[in-house]
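Colleague: Could you walk me through this model before I set anything up with it? I'd like the reasoning as well as the answers.

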Amino acid sequence: MTATESQTHGTGGLTALVRKAWADALGHDEFTDEDHFFRIGGHSLGALHVVRDLGAELDRKIPVRTLFRHPTVRGLAETLAAGA
């Protein structure tokens, strides 16, 4: 994460961004920060939507494998905060 992203989003802000991207891709917001994306209705096309939306919001490319490796809101937000 760049210094600007850290100031603008922080980990809490990134969590909110991830939750919004998930809700948009899943069509619902009935999940916790610990739920597994693919166990609550997510699929590969939805994963592509999530990383596309987050990448646009953060102005950087996010590989879809990042969501596959970190399939919870908390895990993905922490990974993005670390600059992955």
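Here are my questions, with the modeller's replies.

Colleague: What should I know about how the values were obtained?

Modeller: This is a predicted model, where local features need pLDDT of at least 70, side-chain atom pairs count only at pLDDT 80 or more, and totals for chains, interfaces and linings use all residues. Residues are numbered from 1 along each chain as its sequence is written, and side-chain values use heavy atoms, with hydrogens and water left out.

Colleague: Where does pLDDT stay under 50?

Modeller: pLDDT is the predictor's confidence in each residue, from 0 to 100. The chain's mean is 89, and 86% of its residues reach 70 or more. There is one stretch with 10 contacts (heavy atoms within 4.5 Å) beyond four places in sequence where pLDDT stays under 50, and that stretch is residues 1-8.

Colleague: How many helices and strands does the chain have?

Modeller: Both kinds of element are DSSP runs, numbered from the N terminus: helices are H or I over at least four residues, strands are E over at least two. Reading from the N terminus, the order is α-α-α-α-α. The count is 5 helices and 0 strands.

Colleague: What percentage of the residues count as buried?

Modeller: Buried means under 20% relative accessible area, exposed means over 50%, and partly exposed is in between, using a 1.4 Å probe and protein chains only. The chain exposes about 4,700 Å², with carbon and sulfur atoms supplying 50% of it; that area is from the Shrake-Rupley method with a 1.4 Å probe, where for residues only the protein chains shown count as cover. Of the 84 residues, the buried part is 40%.

Colleague: Which element gives the largest share of the largest nonpolar core?

Modeller: A nonpolar core is a set of buried Ala, Val, Leu, Ile, Met, Phe, Trp, Tyr and Cys residues joined through side-chain atoms within 4.5 Å. The largest one has 21 residues, and Val18, Trp22, Val50, Leu54, Leu67, Leu76 and Leu80 have the most contacts inside it. The elements giving two or more residues to this core are α2 (10-26), α3 and α5. The largest share, 7 residues, comes from α2.

Colleague: What distance separates the end C-alpha atoms of α3?

Modeller: The expected span of a helix is 1.5 Å times one less than its number of residues. With 15 residues, α3 should span 21 Å, which agrees with the model, because its end C-alpha atoms are 21 Å apart. Along α3, the buried residues are Gly46, Ala47, Val50, Val51, Leu54, Gly55 and Leu58. So the distance you asked for is 21 Å.

Colleague: Which residue just after α3 takes a positive phi?

Modeller: The place to look is the loop between α3 (44-58) and α4 (64-69). The residue there has a phi of about 55° although it is not a glycine. It is exposed, at 70% relative accessible area, and it is Asp59.

Colleague: Is the pair of Phe38 and Phe68 stacked or edge-to-face?

Modeller: Rings of Phe, Tyr and Trp (its six-membered ring) pair if their centres lie within 6.5 Å; planes under 30 degrees apart count as stacked, over 60 as edge-to-face and the rest as tilted. The structure holds 4 aromatic pairs; in one of them, Phe37 and Phe38 have centres 5.0 Å apart and planes at 90°, so that pair is edge-to-face. Phe38, partly exposed at 26%, also pairs with Phe68, with 4.9 Å between centres and 25° between planes, and this pair is stacked.

Colleague: How many residues apart are Phe38 and Phe68?

Modeller: Phe68 is partly exposed, with a relative accessible area of 44%. Ring pairs join Phe38 and Phe68 in a cluster with Trp22, Phe31 and Phe37. The Phe38 and Phe68 pair links distant parts of the chain, from the loop between α2 and α3 to helix α4, and the separation is 30 residues.

Colleague: Is Thr72 buried or exposed?

Modeller: Thr72 sits in the loop between α4 and α5. Beyond its neighbours within four places in sequence, Thr72 is in contact with Trp22, Asp33, Glu34, Asp35 and His36. Its relative accessibility is 17%, so Thr72 counts as buried.

Colleague: Which residues does Thr66 touch, not counting those up to four places away in sequence?

Modeller: Thr66 is in helix α4 and counts as buried, at 8% relative accessibility. Helix α5 (residues 73-81) has buried residues of its own, namely Val73, Gly75, Leu76, Ala77, Thr79 and Leu80. The residues that Thr66 touches are Leu76 and Thr79.
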